[in-house]
Amino acid sequence: MSKCAGHMMKHDRGAVSGIQSHVNREHEPRTNRDIDATRTVLNYHLIEPPVSYHKAIKQRIDELPLKRAVRKDAVLMCSFIVSSDKGFFDGLSLEQQRDFFSDAVKFFQNRYGAENVI
């Protein structure tokens with residue numbers, strides 16, 4: 001029986017650029033031999049990513065009615081990984097797989113607000 005897995009990580013200002021680089025595969029993987037770089041072309045975005053995560057986060061923070069300045073060591077973003085085992089995805093068509101991840105995006109948009117999901 002397959003199970004859905006979810007993982008969340010908090011990131012401060014110093015990690016934002018690295019997360020953007022990782023998510024967009026801006027650099028070739030050098031250390032993780034489990035990554036098959038030939039499959040990177042199969043990646044897709046369900047939400048058009050901002051050109052700069054830093055700018056998008058700053059813009060969103062500027063829109064908020066905050067009473068105090070954001071601390072320099074504050075968590076600025078959280079990243080989530082939603083997945084399952086190979087057997088689960090082998091049983092789904094590519095369209096069904098996309099629907100699975102689209103539903104995950106909708107879950108996060110409903111939970112945290114669509115304006116907060118990049």
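Me: A nonpolar core is a set of buried Ala, Val, Leu, Ile, Met, Phe, Trp, Tyr and Cys residues joined through side-chain atoms within 4.5 Å, where buried means under 20% relative accessible area, exposed over 50% and partly exposed in between, with a 1.4 Å probe and protein chains only. Which residues make up the largest nonpolar core here?

Reply: The largest nonpolar core has 6 residues in all, namely Val16, Ile19, Tyr53, Ile57, Leu76 and Met77. Two or more of them come from each of helix H1 (13–23), helix H2 (53–63) and strand E2 (75–83), the helices (H or I, at least four residues) and strands (E, at least two) being DSSP runs numbered from the N terminus. The model is a predicted one, in which local features need pLDDT of at least 70 and side-chain atom pairs count only at pLDDT 80 or more, while totals for chains, interfaces and linings use all residues. Residues are numbered from 1 along each chain as its sequence is written, and side-chain values use heavy atoms, with hydrogens and water left out.

Me: What does Leu76 contact, leaving aside its neighbours within four places in sequence?

Reply: Contact means heavy atoms within 4.5 Å, and on that basis Leu76 is in contact with His11, Asp12, Arg13, Val16, Ile57, Ile61 and Val70, once neighbours within four places in sequence are set aside.

Me: What makes H1 and H2 oblique to each other?

Reply: Two packed helices are described by the angle between their axes and the distance between the axes. Here H1 and H2 pack at about 130°, with their axes 9 Å apart. Axes are lines fitted to C-alpha atoms, for helices over the stretch in contact, and angles run from 0 to 180 degrees between N-to-C directions. Angles under 35 degrees count as roughly parallel, over 145 as roughly antiparallel, 65 to 115 as roughly perpendicular and the rest as oblique, and H1 and H2 are therefore oblique. On the H1 side the contact is made by Arg13, Val16, Ser17, Ile19, Gln20 and Val23, and on the H2 side by Tyr53, His54 and Ile57.

Me: Why is Ser21 called buried or exposed?

Reply: Ser21, in helix H1, has a relative accessible area of 13%, and it therefore counts as buried. Val16, Ile19 and Gln20 are among the other buried residues of H1, and the buried residues of this helix pack against strand E1 (5–12), H2 and E2. Not counting residues up to four places away in sequence, Ser21 touches Glu26 and His27.

Me: What makes Ser52, in the loop between H1 and H2, count as buried or exposed?

Reply: The relative accessibility of Ser52 is 19%, which means that Ser52 counts as buried. Its side chain reaches the backbone nitrogen of Lys55 at 3.1 Å.

Me: How do you know how many disulfides there are?

Reply: A disulfide is a pair of cysteine sulfur atoms within 2.5 Å, and by this rule the count is 0. For Cys4, the nearest cysteine sulfur is that of Cys78, 18 Å away, and Cys4 is in no disulfide. At 55% relative accessibility Cys4 counts as exposed, whereas Cys78, at 35%, counts as partly exposed.

Me: What pattern does the protein chain follow when read along the sequence?

Reply: The protein chain has 4 helices and 2 strands, in the pattern β-α-α-β-α-α. Of its 118 residues, 16% count as buried.

Note on methods
A polar contact is a pair of N or O atoms within 3.5 Å; within protein, one must be able to donate a hydrogen and the other to accept it, and residues adjacent in sequence count only if both atoms are side-chain atoms.
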